[in-house]
Amino acid sequence: MTKRKSATARTADTATAGTVRNEQQSRKPKTKLAQLEAMLRRPSGATIEQISKSLVWQAHSVRGAMSGALKKKQGLTITTEKTDAGRVYRIT
C-alpha cells in the first residue's frame with residue numbers, strides 16, 4: 001500500500017505544477033503546426049520563405065500544411081497579400 005500525502009504536501013505539489021504550467025505557456029509553441037499558426041497570427045504575417053526557413057520545411061510542405069491542417073481541419077481563414085517582399089500570408 002502507498003501512503004497518502006498530507007494536505008500541505010498536496011498544496012505544495014499543486015503550486016509547483018502551476019508554476020511549471022505558466023512557464024510552459026510563455027515558451028514558443030511545441031509543434032511545428034503550432035509554430036506555423038503563431039507565425040501566421042502575427043500582425044505582419046509571414047512569407048513562405050520565412051516559414052520554410054524557420055520550420056526547416058520545403059515550400060510545398062508549408063503550402064500543404066496551411067491548406068490541409070489549418071484551413072480544412074481547423075477551419076481557419078488564411079488571407080494572402082502580394083507585397084514587395086513576396087506573398088504575405090495571415091490568419092484573419
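## How two helices meet

At what angle do helix H3 (residues 48-55) and helix H4 (residues 59-73) pack, and how far apart are their axes? In this predicted model, the angle between H3 and H4 is about 100 degrees, and their axes lie 9 Å apart. That makes H3 roughly perpendicular to H4, because angles of 65 to 115 degrees count as roughly perpendicular.

If you would like to find the contact on screen, look on the H3 side for Ile-48, Ile-51 and Ser-52. Their partners on H4 are Ala-59, Val-62, Arg-63 and Met-66. By character, the residues of this contact divide into 5 nonpolar, 1 polar and 1 charged.

## The nonpolar core

Let's turn to the interior. The largest nonpolar core has 15 residues. Those with the most contacts inside this core are Leu-36, Leu-40, Ile-51, Met-66, Leu-70, Ile-78 and Tyr-89. At least two core residues come from each of H2, H3, H4 and strand E2 (86-91), and H4 gives the most, with 4 residues.

Ile-51 is a handy residue to follow here, as it belongs to the contact of H3 with H4 and is also among the core residues with the most contacts. Leaving aside neighbours within four places in sequence, Ile-51 is in contact with Leu-36, Met-39, Leu-40, Ala-46, Val-56 and Val-62.

## Glu-37, a buried acid

Glu-37 lies in helix H2 (residues 32-41). Is this residue buried or exposed? With a relative accessible area of 19%, Glu-37 is buried, because the cut-off for buried is under 20%. Not counting residues up to four places away in sequence, Glu-37 touches Leu-70, Gln-74, Leu-76 and Ile-91. Of these, Leu-70 is one of the core residues with the most contacts.

The side chain of Glu-37 also meets that of Arg-41 in a salt bridge, at 2.9 Å from N to O. These two residues are separated by about one helical turn, because they sit 4 residues apart in helix H2. Arg-41 counts as partly exposed, at 47% relative accessibility, whereas Glu-37 counts as buried.

## The other charged pair

How many salt bridges does a search of the whole structure find? It finds 2. Besides the pair in H2, Arg-90 forms a salt bridge with Glu-81, and their closest N and O atoms are 3.1 Å apart. Arg-90 is partly exposed, with a relative accessible area of 23%. Glu-81 counts as partly exposed too, at 40% relative accessibility.

Conventions:
Residues numbered from 1 in each chain as written. Predicted model: local features only at pLDDT ≥ 70, side-chain atom pairs only at ≥ 80, totals over all residues. Heavy atoms only, no water. Buried < 20%, exposed > 50% of the residue type's maximum accessible area, 1.4 Å probe, protein only. Contact = heavy atoms within 4.5 Å. Axes fitted to C-alpha atoms, helices over the stretch in contact; angles between N-to-C directions. Parallel < 35°, antiparallel > 145°, perpendicular 65-115°, else oblique. Nonpolar A, V, L, I, M, F, W, Y, C, P; charged D, E, K, R; others polar. Salt bridge = Lys/Arg side-chain N within 4 Å of Asp/Glu carboxyl O. Core = buried A, V, L, I, M, F, W, Y, C linked by side-chain atoms within 4.5 Å.
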